[in-house]
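Me: I would like to learn how to read a structure like this one, feature by feature. Could you walk me through a few examples?

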Amino acid sequence: MTGKNTAASKLNDGEEVLFAQIIIDISHEKVDRPFTYRIPRSLVSAIRPGSRVRVPFGVKNKERTGYCVGITDRCTYDPDKVKEIIGLEAPGPDDEETAIKLALWMKEHYGSTMIMALRTVLPARKAVKPLENRTVVLKSPPEEIPALREEFFRRHQVARLRLLESLVRIPEQPFSLITSKLHIPPATVRSLEKKGILEIRTTTQLRNPVNAPSEYRREGHSLNSGQQAVVDGVIRDFDNGTPSVSLVKGVTGSGKTEVYIRIIEEMVRRGRQAIVLIPEIALTYQTLLRFYGHFGNRVSVINSSLSDGERYDQYERARKGEIDVIIGPRSALFVPFPRPGIIVIDEEHENSYKNENMPKYHARETAVALAGLKGACVLLGSATPSLEASYRARTGQYRYYELAERATGQSMARVHVADMRAELMAGNRSVFSEQLKSLIDDRLRKKEQIMLFLNRRGYAGFVSCRACGHVMKCPHCDVSLSWHRNGRLMCHYCGYTAPAVKVCPECGSGYIGAFRAGTEQIESLVLKEWPGVKVLRMDADTTSTKNAHEKILSAFANEEADILIGTQMIVKGHDFPKVTLVGILMADMSLNTGDYRAAERTFALLVQAAGRAGRGELAGECVIQTYEPDNYAIRCATKQDYDAFYTEEIRYREILGYPPVCHMMAVQVQDPDEDSALAAAGILREAADSCGGMIRVIGPSEASIRRIKDIYRFVLYVKDTDYDKLIGCRNALEEAEEKLKAEPRFKKTAVQFDYDPVNPY
Ligand code: ADP
Ligand code: ZN
Ligand code: ZN
């Protein structure tokens, strides 16, 4: 018999045979699938997932090294034709061992294939060319600086002045950082070069993405008692051989970064390395410089603008011990340090720590798993910790520290709330409350800057007919098309575009147009209310081209505008010392996204937005405009009271059995045929029900967007306090899925699992 899915095969003497899934060339670009090998009887007890083995491979049966990624008693091939493992090899490079173990954990924990997990944790080896590196070096002697400063100031050449000041502090700086993070236009740098004030030096470099200003050294502050307690606590746990996971809750400016740096220094002293995760959008030039000031060329950065080669080189530098610290987004977790001692996750609450592709891992859990493998500590930091982190801190799984005040003694912004219902009743029909208007007047008079934050996902409005109500929709997705500046209509889910419509395709009326309540509309309302005021707008529309993001920020930093209007993307990271007023329009918009994290997301966003005001010497104010001033997320954000928010929110999660109190597995079932999708989801629901125990199963229900790219989507939710039970349930569902797939009508059905999802389905 040569059938597929042969059940446990027996040898002639009736003894059971085991097979191993072997991946050849683990770090090769083309790792694609495991091969099945028979385990010789003599090795049955020795081979485990993660073992390194020698196997015959290819037509010529050349001997190769492979890794075992799974053991099974089934073989989908003719068992007689399966080749046999030759022998066990000595353990391989430590980073490969770790990667395999971590990938195995991911596969189990998140339900992905081993290959996908391996591709995530193990970067493909790639050949790379050397890179050109440009730095900017100050040429003018110290005695000429005051005159230059005077001249730039007099001519209001803000960018030149800032560049000069920066170079006075650090006389050699990477060109790319000056243009990107310091927001200086390249033309400005070049014109100062022509004047002989500075020089642009080009060297070929072995791919260090950010060339540290070598002379720059920075002394740490002497820590306050709150900061010292965190450093002492983490280091004590580490030295005691009981590495811990700790959460430090501290407002922006409370000195968390200082704490990270100090702990990393202690680790480096102990021969250990550090991984620092910071959401890319929040990683400012100033923060980078601080790390360079302490670790010089022993720190490196990973970000999305690195080429594959540059990225790979950072892995190489880490592997070879050339660097001690890596800073980057969630993928920086997989930088193969030999002995990491600390993994820091800053802005721990950020959604970007969740990978939304397979494997759908969360950096927080993955960091804890990795730390467990390597004997490292984990430190989470945030002003508004995720419910997960707070809950675990309060239930004793994490250590908890709090930094209650700004390290510099600066006060937080004063927050006002404007009840837009009351405004309307009082006859104010504008989108700006009276208080916001008068504060804007005040700031414009004082020449201070303002940020207006529109809490609204999406920007261009949908296009509808005012005569019959017809809405222009994507023919492939269940979403309305968005109107674009260039006049075309576009679907953000599949990229479908259509020409603008002048006449309603339903009723022929000419009254069809874009319903706009986005940043663009706010911009025109601002210009109507304050004619002549200089406005910059930052949203998905104005940032679609390369570097547009940086250009807008640099223009604002250079005080080329009085008001910056934008969506979520203006909230994160950037410090504009001249901003003393933040207006939040439609604060409650994100409360209505229909998922269990809506309040948490809204609260964090509002607290962060408020934190944008008053980051320099000047005190800040913030106005939150809302139709739901009594909603607890808004109320607590107004008072900037995290604990009150947590108390209410966790009660709601407890009652409804949502994470972090319960774990939740989302099972998404997709099929091009709607009936098949629903039927498959129903069958999976039955399989989930029969898992028994205390598991709660909900659904199937339509996903929040029922159809994307002509694929229908249904969701089941399975909840339990015990994560392992959810894994057990997933295994049952995977078996059910396999059976389904044998039926022709479910041939195209796809099932995806997601644990403790952070975005609505
Ligand atoms: P966070 O990371 O929490 O936003 P930072 O570490 O960036 O806070 O600190 C905010 C500011 O306070 C920085 O300018 C930093 O140099 C300064 N600072 C940090 N710790 C101290 C301290 N112990 N004494 C004085 N200033 C400090
Ligand atoms: Zn119509
Ligand atoms: Zn579409």
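Reply: Gladly! Helices here are DSSP runs of H or I with at least four residues, numbered from the N terminus. Keep in mind that this is a predicted model. With that numbering, Ile-683 is found in helix 20, which spans residues 674-689.

Me: Is Ile-683 buried, partly exposed or exposed?

Reply: Buried means under 20% relative accessible area and exposed means over 50%, with partly exposed in between. Ile-683 has a relative accessible area of 34%, so it is partly exposed.

Me: Which residues does Ile-683 contact, leaving aside its neighbours within four places in sequence?

Reply: With those neighbours set aside, Ile-683 is in contact with Leu-740 and Phe-746. You can also look at separation along the chain: Ile-683 and Leu-733 lie 50 residues apart in sequence, while their C-alpha atoms are 9.2 Å apart in space.

Me: Let me try a lysine next. Where is Lys-249 found, and is Lys-249 buried or exposed?

Reply: Lys-249 is found in strand 9, residues 245-250. Its relative accessible area is 11%, so Lys-249 is buried.

Me: What does Lys-249 touch, not counting residues up to four places away in sequence?

Reply: Lys-249 touches Ser-382, Ala-383, Pro-385, Tyr-400, Tyr-401, Glu-402, Leu-403, Tyr-642 and Asp-643 on that count. For one of these, Ala-383, the distance between C-alpha atoms is 5.4 Å, although Lys-249 and Ala-383 are 134 residues apart in sequence.

Me: Now for helix pairs. At what angle do helix 1 and helix 2 pack?

Reply: Helix 1 (residues 94-111) and helix 2 (residues 114-121) pack at about 130°, and their axes are 8 Å apart. Angles over 145 degrees count as roughly antiparallel and 65 to 115 as roughly perpendicular, so helix 1 is oblique to helix 2. The crossing of the two is right-handed.

Me: Which residues meet where helix 1 and helix 2 are in contact?

Reply: From helix 1 come Ala-99, Ile-100, Leu-102, Ala-103, Leu-104, Met-106 and Lys-107; from helix 2 come Met-114, Ala-117, Leu-118, Thr-120 and Val-121. By class, the residues of this contact are ten nonpolar, one polar and one charged.

Me: How do helix 17 and helix 18 pack?

Reply: Helix 17 (residues 598-610) and helix 18 (residues 632-639) pack at an angle of about 25°, with axes 9 Å apart. An angle under 35 degrees counts as roughly parallel, so helix 17 is roughly parallel to helix 18. This crossing, too, has a hand: helix 17 and helix 18 cross in the right-handed sense. Ala-599, Phe-603, Leu-606 and Val-607 of helix 17 meet Tyr-632, Ala-633, Ile-634, Cys-636 and Ala-637 of helix 18. That contact has nine nonpolar residues, with no polar and no charged ones.

Me: On to sheets. What is the strand order in the open sheet of six strands?

Reply: The order is 16-26-25-17-24-23, and the pairing is parallel. At the edges are strand 16 (414-419) and strand 23 (535-538), each of which pairs on one side only. From one strand to the next, the twist averages 15°. To see one pairing up close, take strand 16 and strand 26 (residues 621-626), which run parallel and are joined by six bridges. There, His-416 has Val-623 in strand 26 as its bridge partner.

Me: And how are the strands paired in the open sheet of five strands?

Reply: The order is 2-1-4-3-5, with antiparallel pairing. Strand 2 (35-38) and strand 5 (87-88) each have a single partner strand, so one side of each is left without a neighbour in the sheet. Strand 3 (residues 52-57) runs antiparallel to strand 5, with two bridges joining them. In that pair, Val-53 is bridged to Leu-88 of strand 5.

Me: One last strand. How many residues of strand 27 are buried?

Reply: Eight of the nine residues in strand 27 (residues 663-671) are buried, so the strand is mostly covered. Strand 27 is joined to strand 29 (residues 711-720) by nine bridges, in the antiparallel sense. His-663 stands opposite Asp-720 of strand 29. Strand 27 also pairs with strand 30 (residues 750-755), again antiparallel, over six bridges. Here Val-669 stands opposite Val-751 of strand 30.

Note on methods
Residues are numbered from 1 along each chain as its sequence is written. Chains are lettered from A and ligands numbered from 1 in the order in which they are written. This is a predicted model: local features need pLDDT of at least 70, side-chain atom pairs count only at pLDDT 80 or more; totals for chains, interfaces and linings use all residues. Side-chain values use heavy atoms; hydrogens and water are left out. Axes are lines fitted to C-alpha atoms, for helices over the stretch in contact, and angles run from 0 to 180 degrees between N-to-C directions. A crossing is left-handed if the near helix is turned anticlockwise from the far one by less than a right angle, and right-handed if clockwise. Contact means heavy atoms within 4.5 Å. Ala, Val, Leu, Ile, Met, Phe, Trp, Tyr, Cys and Pro count as nonpolar, Asp, Glu, Lys and Arg as charged, and the others, Gly among them, as polar. Buried means under 20% relative accessible area, exposed over 50%, partly exposed in between (1.4 Å probe, protein chains only). Two strands pair if DSSP finds at least two bridges between them.
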